[in-house]
Amino acid sequence: LPPELRRVASELREQAMRLSRMVENLLDMARLRAGRVKLLKAWQPLEEVVGSSVSAVEANYPGLAVLIELAADLPVLEFDGVLIERVLVNLLENAVKHAGGSEIAIRAGKNDHAVEIKVEDRGPGLPPGGAERLFDMFERGRLEAQSVGTGMGLAICKAIVEAHGGTIRAD
């Protein structure tokens, strides 16, 4: 194919993949909200899902280095590994998009009655009043021209975390 036709075909393929991900996210969100997602929970160490999540993100962003700090006393947890990996990948990818090249870290430790997992970056921060709405459907947090996305990723993260009995927040 001529170079111009290859470029157009590549752009069409990217747009089709983006549309497919959006439809998949909408279907997943509908299932989560309807309570139709059966969690496939298993007792497992958090280290495994953190490691696979970081590896998946690093594969999409060559040269990215994510600092991992997990407390040595973390218990084995019961969770759906596929869904929690999706949450972590989404949070890490959001950090990559909005961190402005700053260090990204994932940290986990125990508090009084839960395990807390943090994905941190040193980006520009949230827009004023943005933390309350950030996990709403179609909320993007930034002007459309400044970032790519549908605004469903964090809403899906929230639904998955809540289906596990947890909470999620941004600050």
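How far apart should the ends of helix H2 be, given its 15 residues at 1.5 Å a residue? In this predicted model, the expected span of H2 (residues 46-60) is 21 Å, and the C-alpha atoms at its ends sit 22 Å apart, so expectation and model agree.

H2 also has a clear inside and outside. Its buried residues are Leu46, Val49, Val50, Ser53, Val54 and Val57. Looking down the helix axis, these buried positions fall within an arc of 130°, so they line one face of H2. On the face turned away from that buried side, the exposed residues are Glu48 and Ala59. As for what the buried side packs against, the list takes in both strands and a helix. The strands are E1 (42-44), E2 (66-70), E3 (77-79), E4 (104-110) and E5 (115-121), and the helix is H3 (81-98).

H3 itself offers another buried position, asparagine 90. The relative accessible area of this residue is 18%, and the cut-off for buried is under 20%, so asparagine 90 counts as buried. Leaving aside residues up to four places away in sequence, asparagine 90 touches Gly153, Leu154 and Cys157.

Helix H1 (residues 3-34) brings the surface into view, with leucine 27 as one of its residues. At 45% relative accessibility, leucine 27 falls between the 20% and 50% cut-offs and therefore counts as partly exposed. Leu27 joins Leu19 and Val23 in a nonpolar patch on the surface. Together, these three residues have about 260 Å² of accessible area.

Stepping back to the whole chain, the secondary structure adds up to five helices and five strands. Read from the N terminus, the elements come in the order α-β-α-β-β-α-β-β-α-α. Contacts that reach across the sequence are well represented: of those between residues at least 6 apart, 67% join residues at least 24 apart. As for burial, 29% of the 171 residues count as buried. The chain exposes about 10900 Å², and 54% of this area is supplied by carbon and sulfur atoms.

Notes:
Residues numbered from 1 in each chain as written. Predicted model: local features only at pLDDT ≥ 70, side-chain atom pairs only at ≥ 80, totals over all residues. Heavy atoms only, no water. Helix = DSSP H or I, 4+ residues; strand = E, 2+ residues; numbered from the N terminus. Expected span 1.5 Å × (residues − 1). Buried < 20%, exposed > 50% of the residue type's maximum accessible area, 1.4 Å probe, protein only. Arc of directions from axis to C-beta. Contact = heavy atoms within 4.5 Å. Patch = residues over 30% accessible without salt bridge, like charges linked within 9 Å, V, L, I, M, F, W, Y side chains within 5 Å. Areas by Shrake-Rupley, 256 points an atom, 1.4 Å probe, with all protein chains shown as cover. Salt bridge = Lys/Arg side-chain N within 4 Å of Asp/Glu carboxyl O.
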